Amino acid sequence: MADDRLNRMYAFLHHAVDVMVRRGIRHAVLCPGSRSAPLALAVMRHGGMKYHVVDDERSGGYVALGIAQASHEGVVVITTSGTAVLNLAPAMAEAFYQEVPLLAWTADRPPQAFEAAENQSIVQAGVFRPNVKADDAWDVDFFEKDKAEHSLRVLARVIHEMLTTPRGGVHLNVPIAEPFYPEENMRPPADALPEPPHIREGMAVLSRRQVYDYAQKLMATERVLVMVGHRLPNYPFRKALKAFAYRFPFPVLVDPLSNHYRGPSVMLLNDDFWRWLSPAAEADLRPDLLITFGYRFLSKGVRRWLRQHPPAAHWHVGKMPHPYDPFGVLTGHIKVHPRTFLQQLREMLNDQDAGAHAAYGERWAALYQQFEQSREQGIPPLTPEAHLFLRVLALLPERGILHVGNSLSARHLAHMPRPTLEKLAAWDVFANRGTSGIDGSLSSAVGHALTGQRKVFAVLGDQSFFYDSNALWRDRLPENLFVVVVNNHGGRIFEMIPGPRRQPERTAYFVRPHQRSIAGLVEYYGGRYFRATSETEITERWPDFTARGPAFLEIDIAP
């Protein structure tokens, strides 16, 4: 009887993996554990997924996130029961806020296990709420004849939620009763089960009347400003915005993580610009209409400016369920794909004269050009660390993939000079700024590197590296991984923030200075190690560093 039960369970799980594969899930991250063995073995024996075994669940969640970022497809991550599940929480939150499709398929113990105080039993149902798009659970006898069809429908529904715009993380919890280990090399029979409905997302578009109304308001407004926040790489959007900007001369301000670095009127959001700008110029640049895309803006200066000089109207375009209002001036949320909005608006305005909008864009361009010239002369000056970071960016090849750590690393991107900005237009740039924590930056880069042969560069600080060093805990590191660690020996960003900087406990609590090097960890995990302390040494080491991976360059900055 036990063998029959196991046959039915493994046969069903084979079908469940079939459902995932047919919906585009081609990668799985498996975090070892006993209770999750049926889920992991089903993936490993199916043959339709590439699987990656990651021992640390917290790192595993971010590895899965990096794979999903790279592939633009859903990824499943499997853990055993108990606190192993909780370790996925940071990555699930990041997937939710960054709109990355990630399925947590977690093993659980039967409901009575918690009441009996069995090992590794916690309340797992809904454990990621509200930071997931959807969650559900199978019954303990999910594979039996009267439950199997329903269980597959639940799985299909959860996957549909994961892949429907806006995408995000979802959770399917699976209680598994003993016995659950199959006989050695047992292959389950492939009994047919009905395929659950394959629901496809329709393309949302604006009605012709809606497009006409937006077009009329746009043409009647002289001072229109477009801003692009943090976005995953998306070529159709970039193409649509570039075509729109060529037709209409609106200034386009882009976040350092916008993945939109080239096109007419593109200017990089930089807090130094707002410090350089005079109060009179700030007031003169106030827009009448602000149109935003993306969901996060790194610059505090632009937030302050828009709150002090609010536009009469602010349209945010995107399909997120709840509109973001970072500037406190939102007047409308347009819930369509940004590229659809731009294409429909451009078609409606195809024969309209946009000359009346030129003066505002020219004013922006002239001031920003003056700022760039001032920056070339060292005003305002950059920190030595920023200069080293920009040297790394200047040495990057013409194309590639860049993962940037949070905190100072992401902020240094805002200092890119125009030639570097133009170069990054051919790159895909990633950072875990959905929740902006330092955890998982290295693991996401490792996950990305696992998906292909293109070189993946990760540039991050020492705190981020050490915090996520379990990303290196693998049988073999990807050979296309190149990691640059800017080691300033502590959380030096807190020396730049006025609040922490004024506290007497600044050093002991915030900065946490240290004298550690990454060299020992790199040697332990089998990477090639290089060290530099100046722009000259970075340039000298670069050819050997990038010759073959996995390789690590530590830029050692004296505190």
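**Exercise 1. Work out whether D556 is buried or exposed in this predicted model, and find its salt-bridge partner.**

Step 1. Start with the accessibility. D556 has a relative accessible area of 16%. The cut-off for buried is under 20%, so D556 goes down as buried.

Step 2. Now look for the partner. D556 pairs with R531 in a salt bridge, and the closest N and O atoms sit 3.2 Å apart.

Step 3. Place both residues on the chain. R531 belongs to strand β17 (residues 528-532) and D556 to strand β18 (residues 551-556). With 25 residues separating them, the pair ties together distant parts of the chain.

Step 4. Check the other end. R531 has a relative accessible area of 41%, so it counts as partly exposed.

**Exercise 2. Find out which residues form a network of salt bridges with K147.**

Step 1. A bit of background: side chains of opposite charge can pair when their charged atoms come close. Searching the whole structure turns up 18 salt bridges.

Step 2. Pick out the one between K147 and D141, where the N to O distance is 3.0 Å.

Step 3. Extend the search, and D139 joins in: D139, D141 and K147 are linked in a network of salt bridges.

Step 4. Add the accessibilities. K147 comes out at 22% and D141 at 26%. Partly exposed runs from 20% to 50%, so K147 gets that label, and D141 gets it too.

Step 5. For another case, take D135 and R129, whose side chains meet in a salt bridge at 2.8 Å, N to O. Here R129 is exposed, at 58% relative accessibility.

**Exercise 3. Describe how helix α9 packs against helix α13: what are the distance and the crossing angle of the axes?**

Step 1. Two packed helices are described by the angle between their axes and the distance between the axes.

Step 2. Read off both values. The axes of α9 (residues 235-247) and α13 (residues 338-348) come within 9 Å, crossing at roughly 30°.

Step 3. Classify the angle. Anything under 35 degrees counts as roughly parallel, and therefore α9 and α13 are roughly parallel to each other. As for handedness, the crossing of α9 past α13 is left-handed.

Step 4. List the contacts. On the α9 side you have P236, F237, A240, L241, A243, F244 and R247; they meet P338, R339, L342, Q343, L345 and R346 in α13. Sorted by type, the residues of this contact are nine nonpolar, three charged and one polar.

**Exercise 4. Hunt for backbone oddities: where do cis peptide bonds and positive phi values turn up?**

Step 1. Know the baseline: most residues other than glycine have a negative phi, and most peptide bonds are trans.

Step 2. Scan omega. The bond joining E178 and P179 is cis, with omega about -10°. P179 sits in the loop between β6 (169-175) and α8 (208-219). A cis bond also joins I379 to P380, again with omega about -10°. Look for P380 in the loop between α14 (358-376) and α15 (384-395).

Step 3. Scan phi. N259 has a positive phi, near 60°, and S265 has one near 65°. N259 lies in the loop between β8 (252-254) and β9 (266-268), and S265 is in the loop between β8 and β9 as well.

Step 4. Compare their surroundings. N259 is buried at 1% relative accessible area, whereas S265 is partly exposed at 32%.

Methods: Residues numbered from 1 in each chain as written. Predicted model: local features only at pLDDT ≥ 70, side-chain atom pairs only at ≥ 80, totals over all residues. Heavy atoms only, no water. Salt bridge = Lys/Arg side-chain N within 4 Å of Asp/Glu carboxyl O. Buried < 20%, exposed > 50% of the residue type's maximum accessible area, 1.4 Å probe, protein only. Helix = DSSP H or I, 4+ residues; strand = E, 2+ residues; numbered from the N terminus. Axes fitted to C-alpha atoms, helices over the stretch in contact; angles between N-to-C directions. Parallel < 35°, antiparallel > 145°, perpendicular 65-115°, else oblique. Left-handed = near helix turned anticlockwise from the far one by under 90°. Contact = heavy atoms within 4.5 Å. Nonpolar A, V, L, I, M, F, W, Y, C, P; charged D, E, K, R; others polar.
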